[in-house]
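Biologist: Please take a close look at one part of chain B in this model, beginning with a single leucine. Then go on to how helices pack there and to the spaces enclosed by the chain.

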Amino acid sequence: MIQPKTVAFLGAAGLTLALLAASRSGPVPTLLLGVLVVLGAVPVYLRRSFSAAPVEGGGPGDDNTALRETPVELSSGGSSRREALKRLSMGGAALAIPAAVGAPTVIDMWKAKASDGPATGPSGRTRQWGMIIDLRRCDGCQSQGTAPQCTLACIEGHFAPEPMEWIEAYEAEMAGGGTQFIPTPCQQCQNPPCVSVCPVTATFSTPEGTVLIDQDRCIGCRMCMAACPYDRRFFNWGDPPIPPEAMLADYSVEHQAPAKKGTVMKCDFCPEMARAGTLPYCVQACPNDAIYYGDLEEDIATNGREVVAFSTYIADNNSYRLKEELGTQPRVHYIPGHGELVGRDRFTEGRIATRWPWVERVKGAVTWRR
Amino acid sequence: MAALTTWESTLKERALAPTQASGRLYTAWLAGLGLVVAWGFVAYIYQWRNGLYATDMRDRISWGLYISAFVFFIGISHAGTLISAILRASNAGWRSPITRIAESITVVSLISGALFVIVDMGRPDRLYQFWLNGNWQSPLMWDMMAITIYLTASVVYLYVPMIPDLAMFRDNLEGRVSRFQMWLYQSLAIGWDNNETQRRSLAKSITVLMVLIIPIAVSVHTVVSWIFAMTLRVSWNSTIFGFFFVSGAIYSGVATLIIVLAVMRRIYHLEEYITPTHFKYLSYLLATMSLVMIYGNASEYITKGFKMTEEDRFAFEQLFAGDFASMYWFYFFGGLVLPALIVAFKPTRTIVGVVIASVFVDIAMFIERYFIVVAGLRVPTMPYEPSSYSPTWVEWSILASGFAGFMLLLTLFARFFPILAVWEMTEERTSDQTSQHDRELEPAP
């Protein structure tokens, strides 16, 4: 005879198992569930103990009787013992399953999204992308009479919504007066503060050493924006202003287009460009060849004109990384500049504004200030 | 014994009365709150359609009023469960008339607080991702877990000591309330008929819950502070944050409890049970917490201000002399010093005085949450002009709706559930008079 209680129990157990199996983060819901079950057990315990026969007379002397009388229901006959065993084994299964399905989620997803797996060098080892930015050659394109062209090319290539500048040329004061332009893409930290704080693993580190964001998973909590010490994350506050052709892009976690309302975006280090054998938009666009892109594993970097050995080049030129003391271990190296070769025209007020070429063409799009 | 019976029946009548609450003012109160809540929904629909563009949050100040409200509400949730559990654990006899109200504040404010996180999300439609792809490394995940556990624990902790009173409702309200309500009391009372076994199980359960709930409550606000302290932002980079947030939570929690007690005392005529002594004791707790907060401020700002690194200098200037100076000094003098002074002097330590102090505390603590979030994010991390933030009508509307919802839920709780722990109060009274049953109610060793 099947008891309604048994049905309910099996149903609950089945539902729990199904949820756990569907979950890729086994330990988290298991722990949560455990605590909730413990807390929920209190009213259940009360309900049971209330319906037990009241003790005659009551009082402290009768403690033993009370204790002996309550468990009678439980120990009557072998069937309930078998039931108990069954329940125990179910419990065991509930604990074992998440361990089996709780495999690392990040790598799974990366493998599923990137068609060919990580890019490998001639040695067969995984590429480790890095960047060198030679500030001696950067004048923020002021001598060209345009906004920084790395920024412009990046915007066009990625359909980055206004006002996002995934690579932004900050203008920093120099100790001896004057200013210095510092083109800043996402620093691709090897100890990324943004990745640790993302509650749903929407932002993650890849085997190639870059940090990506899955636009299909981001919940828009903006915890990563609070965590990023480089101000390199951007949020789609409204319907992002993107050109119609962006909608044709077959979304991949590697290039983020088309942008979606309510999610976080940033520089993705152009891994799909690198895999196709070409250089990122910013590197291609720089008129002064200030940006080098390369592979730490093969120890090589290029600005499209010359090829250098990554490690020697950064060592010989006293390179530094932004906020190195934070321990984020960025993959972007800077060669300090001094503003002598190509400085900012001090007699020009302000800078030439960055333009997003398609804004006029997008119907009903909104833009916002940074 | 006759005196006791009269006392008991008066108490019962007082406890049952709120279920019959009516009158023009009462209806107007409910309707007014309902309207504000509805207006908040309108604002939220507007935000849903336009995205968070409807707010004034932007990339550089990416959290604002919503997150402040979230921290504030989670803070005042400490009014109940923590305070009532501590008072229960320390066996403070005077607690029994106020515990139920305190515990209900906890549940209601947790619901309001948790909703603000969802309102702040860019993609609330993807909430299920927490379950599917949760990252145990994230402080936000810890927070989600801590709040879920705390909410469950608070509901259970509100419910379990309420069972005998629900049974009392079941036995006394036949014919006076709707059939649905009777069914509700009938099922929630789970067959309580006040026999010895039941009393022993209940005492045991309450003890277990009480012991569980104190660390849960402390962990919740610690984890809330870690959302901020686990980032590389200079104003949030502080080891004292957990302690600071928990103290602030208890501080604003006590203040809220005082205000709610004063209002309910007045409206439901509970003067006989919620006495000036309660306000006196609670005000002592308030003053103590204000001193703890002053100490926390000193410890936090003097150690950083002495060294005054480049980024700290910016944070200090905007907090103590810049855009946030009026907020900070109101918080410090109006919210920390003034309440302590009001409590310190006997002529001002009246119910009215203590309630005024509490109102100041609550306003100041909301402001503190606001400047911790907004001023903390405003400190530039790279060479750019500091951003600005002033909440839009959408944000103010949703905030107002959050507060209205909080009050509405409390009013509804008082309407449908016993707001006085009648059985505990009776027991207290009985043990005072006969002091015989006292031992039996202790949990078995």
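**A leucine, a helix pair and two spaces in chain B**

Modeller: B:Leu184 sits in helix H9 of chain B, which covers residues 179-188. The model is a predicted one. B:Leu184 counts as buried because its relative accessibility is 19%, and the cut-off for buried is under 20%. From B:Leu184 to B:Leu166 the C-alpha to C-alpha distance is 9.1 Å, with their positions 18 residues apart in sequence.

Next, the helix packing. Two packed helices are described by the angle between their axes and by the distance between those axes. Helix H4 (residues 81-89) and helix H5 (residues 96-120), both of chain B, pack at about 145 degrees, and their axes are 7 Å apart. On the side of H4(B), the contact is made by B:Thr81, B:Ser84, B:Leu87 and B:Arg88. H5(B) contributes B:Ile98, B:Thr99, B:Ala102, B:Glu103 and B:Thr106. By class, the residues of this contact are 3 nonpolar, 4 polar and 2 charged.

Now the open space. The second largest pocket holds about 740 Å³. It is lined by 25 residues, and those closest to its centre are B:Trp29, B:Ile259, B:Val260, B:Val263 and B:Met407. At least two lining residues come from each of these helices of chain B: H2 (24-50), H3 (65-76), H11 (241-267), H15 (351-378) and H16 (393-416). The lining of this pocket divides into 20 nonpolar residues, 4 polar and 1 charged.

The closed spaces come last. There are 8 cavities of 30 Å³ or more in the structure. The largest cavity has a volume of about 200 Å³. Of the 17 residues lining the largest cavity, B:Ser235, B:Glu300, B:Tyr301, B:Ala315 and B:Leu319 are the closest to its centre. In chain B, H11, helix H12 (276-307), helix H13 (310-321) and H15 each supply at least two residues of this lining. H13(B) gives the largest share, 5 residues. The lining of the largest cavity is made up of 11 nonpolar, 3 polar and 3 charged residues.

Two helices link these spaces. H11 and H15 of chain B each supply at least two residues to the lining of the second largest pocket, and each also supplies at least two to the lining of the largest cavity.

Conventions: Residues numbered from 1 in each chain as written. Chains lettered and ligands numbered in written order. Predicted model: local features only at pLDDT ≥ 70, side-chain atom pairs only at ≥ 80, totals over all residues. Heavy atoms only, no water. Helix = DSSP H or I, 4+ residues; strand = E, 2+ residues; numbered from the N terminus. Buried < 20%, exposed > 50% of the residue type's maximum accessible area, 1.4 Å probe, protein only. Axes fitted to C-alpha atoms, helices over the stretch in contact; angles between N-to-C directions. Contact = heavy atoms within 4.5 Å. Nonpolar A, V, L, I, M, F, W, Y, C, P; charged D, E, K, R; others polar. 1 Å grid on protein atoms, 1.4 Å probe; cavity = no way out; pocket = protein on both sides within 12 Å on 5 of 7 lines; lining within 4 Å. Points joined across faces, edges and corners; volume = space filled by probe spheres on them.
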